[in-house]
Amino acid sequence: MTTPSGDRPDDDYWRRPSGAPGSGGAAAGQVRPAGADRPGPAAGYGGPPPTTPPPPGWRPPVHLRAAPPRRLPPQDTAGLDAEEQRAQWVTWSVGGVAAVVLVALVCLLCSRAIF
(Lines give C-alpha, C1' and ligand atoms only; values in the text may rest on other atoms or scores of the structure.)
Protein backbone atom coordinates (compact mmCIF):
# COMPACT_ATOMS: atom_id res chain seq x y z
CA MET A 1 0.00 0.00 0.00
CA THR A 2 1.33 3.44 -0.80
CA THR A 3 1.26 6.38 1.54
CA PRO A 4 -0.09 9.77 0.50
CA SER A 5 2.83 11.90 -0.58
CA GLY A 6 0.98 14.97 -1.81
CA ASP A 7 2.62 14.83 -5.21
CA ARG A 8 -0.66 13.82 -6.91
CA PRO A 9 -3.31 16.45 -6.12
CA ASP A 10 -5.89 14.50 -8.16
CA ASP A 11 -5.89 11.83 -5.46
CA ASP A 12 -6.54 14.30 -2.65
CA TYR A 13 -10.22 14.36 -3.57
CA TRP A 14 -10.56 10.67 -2.60
CA ARG A 15 -8.62 10.78 0.69
CA ARG A 16 -10.36 10.63 4.05
CA PRO A 17 -10.54 13.87 6.02
CA SER A 18 -7.71 14.35 8.47
CA GLY A 19 -8.43 13.18 12.00
CA ALA A 20 -11.13 10.72 10.85
CA PRO A 21 -10.93 7.26 12.45
CA GLY A 22 -8.85 4.94 10.31
CA SER A 23 -7.79 7.76 8.01
CA GLY A 24 -4.11 7.34 8.68
CA GLY A 25 -3.86 11.08 8.14
CA ALA A 26 -2.88 13.85 10.47
CA ALA A 27 -4.52 14.10 13.86
CA ALA A 28 -5.60 17.38 15.43
CA GLY A 29 -2.71 19.81 15.71
CA GLN A 30 -0.59 18.13 13.03
CA VAL A 31 0.14 19.22 9.48
CA ARG A 32 -2.69 18.44 7.07
CA PRO A 33 -1.98 16.97 3.63
CA ALA A 34 -2.00 19.19 0.58
CA GLY A 35 -5.48 19.94 -0.71
CA ALA A 36 -7.22 19.04 2.58
CA ASP A 37 -8.65 22.54 2.83
CA ARG A 38 -10.64 22.08 -0.40
CA PRO A 39 -14.39 21.52 -0.11
CA GLY A 40 -15.71 18.12 -1.10
CA PRO A 41 -15.22 14.63 0.30
CA ALA A 42 -12.10 15.80 2.13
CA ALA A 43 -14.39 17.92 4.33
CA GLY A 44 -16.54 14.91 5.26
CA TYR A 45 -19.62 13.24 3.92
CA GLY A 46 -22.59 15.56 4.01
CA GLY A 47 -25.14 12.98 2.94
CA PRO A 48 -26.87 12.48 -0.39
CA PRO A 49 -27.99 15.50 -2.39
CA PRO A 50 -31.55 16.66 -1.83
CA THR A 51 -34.13 15.23 -4.16
CA THR A 52 -37.20 16.81 -5.62
CA PRO A 53 -40.33 14.84 -6.43
CA PRO A 54 -41.09 14.40 -10.12
CA PRO A 55 -43.79 16.61 -11.58
CA PRO A 56 -47.27 15.13 -11.99
CA GLY A 57 -47.71 13.28 -15.25
CA TRP A 58 -44.00 12.64 -15.66
CA ARG A 59 -44.49 9.17 -17.16
CA PRO A 60 -44.45 8.88 -20.95
CA PRO A 61 -47.80 8.21 -22.62
CA VAL A 62 -48.64 4.59 -23.39
CA HIS A 63 -49.92 4.13 -26.94
CA LEU A 64 -50.04 0.34 -27.15
CA ARG A 65 -51.75 -1.76 -24.51
CA ALA A 66 -50.75 -5.41 -24.16
CA ALA A 67 -53.48 -7.98 -24.57
CA PRO A 68 -54.61 -9.66 -21.35
CA PRO A 69 -53.20 -13.15 -20.79
CA ARG A 70 -55.14 -16.06 -22.26
CA ARG A 71 -56.69 -18.75 -20.10
CA LEU A 72 -54.83 -22.01 -20.09
CA PRO A 73 -56.75 -25.14 -21.06
CA PRO A 74 -57.87 -27.24 -18.11
CA GLN A 75 -55.54 -30.07 -17.10
CA ASP A 76 -56.55 -33.70 -17.35
CA THR A 77 -55.21 -34.88 -13.99
CA ALA A 78 -56.38 -38.47 -14.47
CA GLY A 79 -54.62 -38.66 -17.85
CA LEU A 80 -51.47 -37.11 -16.41
CA ASP A 81 -51.45 -39.66 -13.58
CA ALA A 82 -51.84 -42.53 -16.06
CA GLU A 83 -48.95 -41.25 -18.20
CA GLU A 84 -46.78 -40.83 -15.14
CA GLN A 85 -47.47 -44.42 -14.04
CA ARG A 86 -46.57 -45.72 -17.53
CA ALA A 87 -43.35 -43.70 -17.49
CA GLN A 88 -42.49 -45.05 -14.05
CA TRP A 89 -43.12 -48.61 -15.22
CA VAL A 90 -40.77 -48.09 -18.21
CA THR A 91 -38.10 -46.63 -15.91
CA TRP A 92 -38.29 -49.55 -13.48
CA SER A 93 -38.24 -52.04 -16.38
CA VAL A 94 -35.12 -50.53 -17.94
CA GLY A 95 -33.45 -50.43 -14.51
CA GLY A 96 -34.34 -54.08 -13.88
CA VAL A 97 -32.94 -55.20 -17.24
CA ALA A 98 -29.74 -53.24 -16.60
CA ALA A 99 -29.42 -54.80 -13.11
CA VAL A 100 -29.85 -58.33 -14.52
CA VAL A 101 -27.21 -57.70 -17.21
CA LEU A 102 -24.78 -56.30 -14.62
CA VAL A 103 -25.31 -59.26 -12.28
CA ALA A 104 -24.71 -61.68 -15.17
CA LEU A 105 -21.48 -59.88 -16.11
CA VAL A 106 -20.23 -59.91 -12.53
CA CYS A 107 -20.99 -63.64 -12.26
CA LEU A 108 -19.09 -64.32 -15.49
CA LEU A 109 -16.07 -62.30 -14.36
CA CYS A 110 -16.03 -63.91 -10.93
CA SER A 111 -16.36 -67.43 -12.41
CA ARG A 112 -13.36 -66.79 -14.71
CA ALA A 113 -11.34 -65.45 -11.78
CA ILE A 114 -12.19 -68.44 -9.55
CA PHE A 115 -11.89 -71.24 -12.14
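## Overall picture

Two helices and zero strands make up the secondary structure of this chain. Please keep in mind as you read that this is a predicted model. Of the 115 residues in the chain, 3% are buried. The accessible surface adds up to about 11,100 Å², and carbon and sulfur atoms account for 64% of that area.

## A nonpolar patch on the surface

Let's turn to the surface itself. Val 97, Val 101, Leu 102, Leu 105 and Leu 108 together form a nonpolar surface patch of about 480 Å². One of these residues, Leu 108, belongs to helix H2, which covers residues 77–114. Leu 108 counts as exposed because its relative accessibility is 54%, and the cut-off for that label is over 50%.

## A patch of negative charge

The surface also carries a patch of negative charge, where Asp 76, Asp 81, Glu 83 and Glu 84 gather. Glu 84, one of the four named here, sits in helix H2. With a relative accessible area of 56%, Glu 84 is exposed.

So helix H2 holds both Leu 108 and Glu 84, a member of the nonpolar patch and a member of the negative one.

## The cysteines

If you work with cysteines, here is a point to look at. A disulfide is a covalent bond between the sulfur atoms of two cysteines. The structure holds zero disulfides. Why is the sulfur of Cys 107 not bonded to that of Cys 110? The two sulfurs are 6.8 Å apart, which is too far for a bond, because a disulfide calls for sulfur atoms within 2.5 Å. Seen from the other side, Cys 110 is in no disulfide either, and its nearest cysteine sulfur is that of Cys 107.

How accessible are these two residues? Cys 107 counts as partly exposed at 48% relative accessibility, and Cys 110 is likewise partly exposed, with a relative accessible area of 41%.

Technical notes: Residues are numbered from 1 along each chain as its sequence is written. This is a predicted model: local features need pLDDT of at least 70, side-chain atom pairs count only at pLDDT 80 or more; totals for chains, interfaces and linings use all residues. Side-chain values use heavy atoms; hydrogens and water are left out. Patches are made of residues with over 30% relative accessible area and no salt bridge: like charges are joined within 9 Å, nonpolar side chains (Val, Leu, Ile, Met, Phe, Trp, Tyr) within 5 Å. Accessible areas come from the Shrake-Rupley method with a 1.4 Å probe; for residues, only the protein chains shown count as cover. A salt bridge is a side-chain nitrogen of Lys or Arg within 4 Å of a carboxyl oxygen of Asp or Glu. Helices (H or I, at least four residues) and strands (E, at least two) are DSSP runs, numbered from the N terminus. Buried means under 20% relative accessible area, exposed over 50%, partly exposed in between (1.4 Å probe, protein chains only). Lys and Arg count as positive and Asp and Glu as negative; His and the chain ends are not counted. The place of a charge is taken as NZ of Lys, CZ of Arg, CG of Asp or CD of Glu.
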